[in-house]
Amino acid sequence: MSATISPTAVRSELESAITSALAGGDSSRWPTKLPVRERISLLLDPGSWVEDGLLADAAGNRLPADGVLTGVGRINGRPVAVIAHDFSVKAGSWGELTCEKQVRILERADRDLLPVIYLVDSAGGRLTDQLGFYPGRRGASKIFQLQIRLSGRVPQICCLHGPSAAGGAYMPAFTDWVGMVKGNASMYLASPRVAEKVTGERTTLEEMGGATMHATVSGCGDEVFDHDWQVIAAARLLLSYLPNDWRAAPELVAPSEPEITTWEPDLIPEDPNQSYDVRDVITRVVDAASFFEIKSAWATEIVTGFARLDGRTVGLIANQPSVRSGAIFVDSADKAARFISMCDAYNIPLIFFQDVPGFMVGVAIERQGIIRHGAKMVTAMASAEVPKFSVVLRKANAAGFYAMCAPGFEPRATIALPTATIGPMSPEASVNAVYANKIAEIEDPTERESYIAARTAEQAADISLLRMGSHLVVDTVVQPEQLRAELIERLAHAGEWERRPPSRHHVISPV
């Protein structure tokens with residue numbers, strides 16, 4: 001006769017399992033990290049967390065929640081899906097049930113079109129459960145497949161609080177934004193120990209995959225933060241610039257005047273070789289404290305980020321004259337291309353602030369593939385259907401003018417400041433290219449200088465702002481202090497735009 005278990009005993013065992021799952025592991029060994037449930041409390045509106053799979057593995061190895069918390073909640077009233085690794089349980093590693101929980105919440109996000117917030121802190125696949133996480137249809141590969149399916153349909157934001165190791169490093173890579181906590185966060189396909197065994201290289205975790213490296217060298221990280229709460233606060237703020245899904249536009253917020261409204265006469269120097277910080281221009285155009293920069297420490301010769309104009313979300317791409325003269329390099333082309341694609345996915349109008357001498361040239365940059373990387377940027381810009389506006393602040397030269405949304409790429413308007421010049425190259429460079437032999441033949445220095453000055457004046461007149469306006473290259477010329485109002489009015493007139501019905505599958509992006 002089989003023994004029976006009393007309802008009281010069953011209830012007690014269940015309550016014990018729930019208590020254990022909610023407690024998680026011992027996180028006190030990591031004093032610089034917030035426990036995973038505290039992270040979720042900071043992320044979500046109070047009382048909005050609804051968890052799934054709390055008792056995963058409770059009847060097996062009894063790993064609390066099997067090392068990952070999944071569920072839904074709200075951020076400023078907006079529903080979101082959440083994946084949060086519990087570093088105190090097997091270092092947040094992935095087993096069969098860990099993967100299944102993540103797959104299920106991503107399937108829900110796909111079905112209900114929910115933004116996904118990832119609180120990543122995982123040592124990667126659980127090598128004691130290789131069959132569970134690695135080869136199967138609902139293992140790690142399914143997680144990545146769902147992330148890619150969601151890409152461009154709903155915002156995916158990653159707070160990287162700890163490691164994201166081996167194959168698991170691709171989880172942040174498939175998201176729209178990655179904020180990393182300095183000293184704790186890392187991304188790497190192989191640990192320094194494995195790398196040394198395979199390649200013979202000796203390195204440190206920080207050097208190979210730390211937050212600072214990824215935010216400044218590889219571009220895999222968007223921003224570095226000192227504490228867990230800071231990256232979570234940034235994630236909440238970023239979501240406010242984005243819609244719930246690809247079918248909607250970002251919400252309008254209460255407008256505010258710029259932090260600085262005065263334009264000093266020399267804010268944008270007339271000398272095209274003199275540097276200035278383009279952020280000083282941005283600060284005077286956008287709503288106060290609204291500029292949310294993306295990848296601020298990587299490829300800094302170009303500036304990208306979200307801002308608000310009269311309460312409306314816009315995406316900004318600006319050449320940075322204070323860094324390498326604002327020329328476009330391999331990384332800055334990639335940075336711009338990705339940001340443009342993100343804005344286009346989420347129905348965010350684009351504003352290009354041009355002060356560009358062109359793409360960088362030379363043997364080294366050609367070998368790095370500047371042509372294909374530049375083509376990637378141009379392809380992203382040309383493919384974007386959102387309203388685009390081009391503002392020529394000062395120089396707009398060579399193919400850089402094209403990449404920053406020249407008139408042929410159908411901006412709603414090309415707006416110029418009085419300091420603007422547009423041409424295939426500067427007048428001085430043009431004279432040198434066209435008249436080099438003639439100049440070399442003139443022996444008298446005074447005569448040579450006079451000849452160069454006359455030809456330079458001719459070249460400058462040929463590409464003057466008046467001629468650009470006369471030939472409809474430029475739609476309007478405004479004074480700097482009028483630029484904000486001009487953009488606000490033009491954005492308002494473009495507010496009811498709709499996407500054209502698709503006429504093809506997609507472009508073939510350059511590598």
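Buried, in these notes, means under 20% relative accessible area, exposed means over 50%, and partly exposed is what lies in between. I begin with that cut-off because Asn347, with a relative accessible area of 11%, counts as buried by it. The model I am reading is a predicted one, and every value below is computed from it.

**Entry 1: Asn347 and Ser325**

I looked up Asn347 and found it in the loop between α12 and β12. Its phi is near 60°, a positive value in a residue other than glycine. I then turned to Ser325, whose phi is also a positive value near 60° in a residue that is not glycine, and which sits in the loop between β11 and α12. Ser325 is partly exposed, with a relative accessible area of 43%, whereas Asn347 is buried at 11%.

**Entry 2: the whole protein**

I stepped back to the overall figures and noted 19 helices and 16 strands. The C-alpha trace spans about 115 × 55 × 45 Å along the principal axes. Of the 511 residues in the protein, 50% are buried, and the exposed surface comes to about 24,300 Å², with carbon and sulfur atoms supplying 54% of it. I also checked how far along the chain the contacts reach: among those with a separation of 6 or more, 73% join residues 24 or more positions apart.

**Entry 3: helix α19**

Which residues of α19 are buried? In this helix, which runs over residues 483-493, I found Leu483, Arg484, Leu487, Ile488 and Leu491 to be buried. They lie on the same side of α19, because they cover an arc of only 130° around the axis. An α-helix has 3.6 residues a turn, so residues three or four places apart point the same way. On the other side of α19 I noted Ala485 and His493, which are exposed. I then asked what covers the buried residues of α19, and the elements that do so include α11 (278-285), the strands β10 (302-309), β11 (312-319) and β12 (350-356), and also β13 and β14 (413-416).

**Entry 4: the enclosed space**

Rolling a probe the size of a water molecule over the atoms shows where empty space is left. My search of the whole structure gave one cavity of 30 Å³ or more, and the volume of the largest cavity is about 40 Å³. Its lining consists of Asp176, Asp222, Ile294, Lys295, Thr304, Lys335, Arg338, Phe339 and Met342. Helix α12, residues 330-345, gives the largest share of that lining, with four residues. Sorted by class, the lining of the largest cavity holds five charged, three nonpolar and one polar residue.

**Entry 5: an open pocket**

How much space lies in the second largest pocket? I read a value of about 510 Å³ for it. The pocket is lined by 21 residues, of which Pro272, Asn273, Lys395, Asn397 and Ser426 are the closest to its centre. Two elements, β13 (388-397) and α16 (427-441), give two or more residues to this lining. The residues lining the second largest pocket divide into nine nonpolar, eight polar and four charged. I noted that β13 is also among the elements covering the buried residues of α19.

**Entry 6: three single residues**

Is Gln147 buried or exposed? I found Gln147 in helix α5, residues 140-150, and it is buried, with a relative accessible area of 0%. Setting aside its neighbours within four places in sequence, I listed its contacts as Leu106, Tyr118, Gln156, Tyr170, Met171, Phe174 and Thr175.

Ser48 came next, in the loop between α2 (36-43) and β1 (50-52). Although it is a loop residue, Ser48 is buried, with a relative accessible area of 14%. Not counting residues up to four places away in sequence, Ser48 touches Val72, Gly73 and Arg74. I also looked up its distance to Met381, which is 333 residues away along the chain, and the C-alpha atoms of the two are separated by 39 Å.

Last, I checked Thr19, whose place is in helix α1, residues 7-23. At 53% relative accessibility Thr19 counts as exposed. From C-alpha to C-alpha, Thr19 and Asn76 are 29 Å apart in space, and 57 residues separate them in sequence.

Terms used: Residues numbered from 1 in each chain as written. Predicted model: local features only at pLDDT ≥ 70, side-chain atom pairs only at ≥ 80, totals over all residues. Heavy atoms only, no water. 1 Å grid on protein atoms, 1.4 Å probe; cavity = no way out; pocket = protein on both sides within 12 Å on 5 of 7 lines; lining within 4 Å. Points joined across faces, edges and corners; volume = space filled by probe spheres on them. Nonpolar A, V, L, I, M, F, W, Y, C, P; charged D, E, K, R; others polar. Buried < 20%, exposed > 50% of the residue type's maximum accessible area, 1.4 Å probe, protein only. Contact = heavy atoms within 4.5 Å. Areas by Shrake-Rupley, 256 points an atom, 1.4 Å probe, with all protein chains shown as cover. Arc of directions from axis to C-beta.
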